[in-house]
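Please open the structure in your viewer and keep the selection panel at hand, since this tour moves from one selection to the next.

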Amino acid sequence: NSLRANYIMSRDVDYVVHEGKVVIVDPFTGRLMHGRQFSDGLHQALEAKEAVEIKKETTVLATITFQNFFRMYKKLSGMTGTAKTEEEEFHNIYNMFVVEIPTNVPVIRIDDNDLIFASMEAKYKALAEEIERRHRLGQPLLVGTISIESSELLSSLLKRRGVKHDVLNAKQHEREADIVAKAGQMYSVTIATNMAGRGTDIKLGPGVVELGGLAVIGTERHEARRIDNQLRGRSGRQGDPGYSRFFISADDDLMRRFGGERFKRMISMITVQKDTGQEQPLEYGMFSKLVLRAQRQIEGSNFDRRKTVLQYDEVLRKQREIIYQQRTDILFLENIEETVCLMIETILDKILNLHQNDRKQLYTLLNRYFQKDIIDEKIVLSDADVREYVMDQYKREVSQKKSLAGDKVFNDFLKAVTLRVVDTYWVQHIDAMSELRQAVSLQSYGQINPFREYQEIGFNMFETMVENIQSDVTRFVLKAQVRQNTERVQVAKPIHAISGKEDDTRKRQPVKAAEKVGRNDPCPCGSGKKYKHCHGRN
C-alpha cells in the first residue's frame, strides 16, 4: 500500500488534503466523501505521504456490494437520462428493462465531432483559445474536467489570458449554488469537475439564446459514455440552443489505455505539420467513433469486473444471511436459553465423540469449559457413562446460575455473551474472506479455478467460525460466576502521596528529621549511662 500511495494515487485526483485531513474524491461525482477511508492501511499510507496526522485504521464491521444491497428491495425502479448505455447491465444484474421516453421538446443542441491532438500541451492551448474566443462573444461556457488537478491547470491558463472564470470542484463545494446560479449568464465561464455534470439545471440568462445557448467543452473523455452524456446534457435543455465538443489528446488516460504509444505516433504523423511543427487537430467522425469504441470496451471490462465482484459476494451473502438471522434471534427473541443450550450440547457432544477413547485428554478438554473441580477426574477416567455425567453437570451448572441470578438477568447475560462472541468472530471472518479473495487470484497460474477455490475455502472458514462461536459461548456460560453483593464495601482510600487527588490548597509541611544521638552522648531514656552502653548497645 505504501507503493500504491506514492506512485498510483494522485493528490487532487483520487483525494484532496482538506483541513489537515486526507479526504477521498468520488471519481464519478467529483465530490468529497467525508467520513470515508481507504481500507487495508492505504489511507494511513496517504496520510504519511502528505505529512498529516495519521489516524487509526478503521475496522470493517459489515460489507455488501451495491448490487446485493439494491436486490434486497422488493421493488426497483428509477429514472435517469443516461441509462440507455447501461441497458445490458440493468437487465443482467437486476432483471430490469430500460424504456426510452422521447424528450418533451426536440433537442437542437449542436454536438460537434471530437478534436483529437497528439500532445496534452497542444490540447490545453487549443482549449484556452476556444474558451477565450467564445468568452469575447459573451457566450457562457461550462468546461468539464475529469479531475481537480486538470481543472486547476486550466484555471491557471485562463488567468494568464485574463479570462474571468469560476472553478467548481471538491475544494470549492461551499460556493456550488452561487457558481451554478451564474453559470448561464453572459460572459460566464465555469470550470467544473463531474460535480456540475449530474443533475444540475443551468438557467440561461437574457440574451444567451441569441448567442447559441450554453457551450459545453469537455477537456477529456471519461471511461463511461454515460458521464460524458451527462455533461453534454447540461446544454440544450427544453428546446434551448446549445453546443458541445470534447478535446482529446493521445496522452489522455483513456487513449493511453486503449491505443498506447503506437496510437500516439500515428496521430502525431497526421496532426504535426513538418514545416512549422504546429499541430492541426483531427476532426473526423471516424476518430470520434474510435473513441466511442474504446469507451465501450472499457465499459465492458468494468462490467465484467463488477459481475465477478458480485459472483464472489454471493458466497459471502449466504454466510451473511445466516449470521444476521442468528443476531436477529438473539436480539428479538424473548428467551434464548434453548439456543445457547443447543450450542453447549453440540460442543460437548463433539468433545465426547472425539476423545471417548482417551479419557485423560477428555478430562483436560472438559476442564477448559467447566469451572475448577466441577468435573470429577475419577468418574471421567472410570468406565462409567461419561456422556450422561457431563450432560448432567452442565445442566446443573446452568440451572444453578439461573436460580441465583433470576430468569431475566440470566437471559440478558446469555444475550450479551452470545452477541459479543458472534460479532467478534464475524468481523474477523470478513477480514479473512477479503484476504482470501486477493490470495485466490494467484491460483489461476496453477490452472485452478479461483472462484471454486474461494467457495471451498470460504465454506470451510465459515464452518470453523461457527464452531468457534459455539465453543466460546459454551466456555463463557459454563465458567461464569454469579456474585450477589448485598452490600457495597467501601474501597480503601488510595495512599495520599500517589492518589493524584490531594488537596492542593493545603500547604505541605516540611518533613523534620529526628535528632541523631551520638554514641558517647547520654542516653535519652534518662538512665545516666552513655548511649553506647544503654539503648545504643544493639
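Where is the place of Asn95? Select Asn95 in this predicted model, and you will find that residue in the loop between H4 and strand S4 (110-111). The backbone deserves attention here, for phi of Asn95 is near 55°, a positive value in a residue other than glycine, and this conformation occurs just after H4. With a relative accessible area of 56%, Asn95 is exposed.

**Helix H4 and what covers it**

Step back to helix H4, residues 87-94, and colour Glu89, Ile93 and Tyr94, which are the buried residues of that helix. These residues lie on the same side of H4, because the arc they cover around the axis is only 85°. To see what lies over them, add helix H3 (66-70) and helix H11 (285-332) to the selection, both of which are included in what covers the buried residues of H4.

**The nonpolar patch**

With H3 still displayed, switch to a surface representation and select Ile64, Phe66, Phe69, Phe70, Met72, Tyr73 and Leu76, which make a nonpolar surface patch of about 720 Å². One member of this group, Tyr73, is found in the loop between H3 and H4. Next, show the side chains of Arg71, Glu314, Arg317 and Glu321, which are linked in a network of salt bridges.

**Salt bridges around helix H5 and the loop before H9**

How many salt bridges does a search of the whole structure find? The search finds 32, and three pairs are worth visiting one at a time.

Begin with Lys123 and Asp252, whose side chains meet in a salt bridge with an N to O distance of 3.0 Å. Lys123 lies in helix H5 (residues 120-137), while Asp252 belongs to the loop between strand S10 (242-249) and helix H9 (253-258), so the pair ties together parts that are 129 residues apart in sequence. Both ends of this bridge are away from the surface by the accessibility criterion: Lys123 counts as buried at 0% relative accessibility, and Asp252 counts as buried at 2%.

Stay on the loop between S10 and H9 and select Asp251 together with Lys264, for the side chains of these two residues meet in a salt bridge of 2.9 Å, N to O. This pair links distant parts of the chain, with Lys264 in helix H10 (residues 260-271) and Asp251 in the loop between S10 and H9, 13 residues apart. Here the two partners fall into separate accessibility classes, Lys264 being partly exposed with a relative accessible area of 24% and Asp251 being buried with a relative accessible area of 18%.

Return now to H5 for the pair Arg133 and Glu130, whose side chains meet in a salt bridge of 3.2 Å, N to O. Being three residues apart in helix H5, Arg133 and Glu130 are separated by about one helical turn. Arg133 counts as partly exposed at 43% relative accessibility, whereas Glu130, at 16%, counts as buried.

**Across the domains to helix H17**

Zoom out and colour the chain by its domain assignment, which gives domain 1 (1-50), domain 2 (110-283) and domain 3 (314-479). If you place a marker at the centre of domain 2 and another at the centre of domain 3, taken over C-alpha atoms, the two are separated by 61 Å.

Move next to helix H17 (residues 450-479) and select Met461, which is found in that helix. What is Met461 in contact with, leaving aside its neighbours within four places in sequence? The contacts of Met461 are His429, Ala432, Met433 and Leu436. Met461 is nevertheless partly exposed, with a relative accessible area of 22%. For a sense of scale, draw a distance line from the C-alpha atom of Met461 to that of Pro241: these residues are 220 residues apart along the chain, and the two atoms are separated by 61 Å.

**A last stop at Gln447**

Finish in the loop between helix H16 (407-440) and H17, which is the place of Gln447. As at the opening stop, the backbone is the feature to inspect, since phi of Gln447 is near 60°, a positive value in a residue other than glycine. Gln447 is exposed, with a relative accessible area of 73%.

Notes:
Residues numbered from 1 in each chain as written. Predicted model: local features only at pLDDT ≥ 70, side-chain atom pairs only at ≥ 80, totals over all residues. Heavy atoms only, no water. Buried < 20%, exposed > 50% of the residue type's maximum accessible area, 1.4 Å probe, protein only. Helix = DSSP H or I, 4+ residues; strand = E, 2+ residues; numbered from the N terminus. Arc of directions from axis to C-beta. Contact = heavy atoms within 4.5 Å. Patch = residues over 30% accessible without salt bridge, like charges linked within 9 Å, V, L, I, M, F, W, Y side chains within 5 Å. Areas by Shrake-Rupley, 256 points an atom, 1.4 Å probe, with all protein chains shown as cover. Salt bridge = Lys/Arg side-chain N within 4 Å of Asp/Glu carboxyl O. Domains from an automatic or database assignment.
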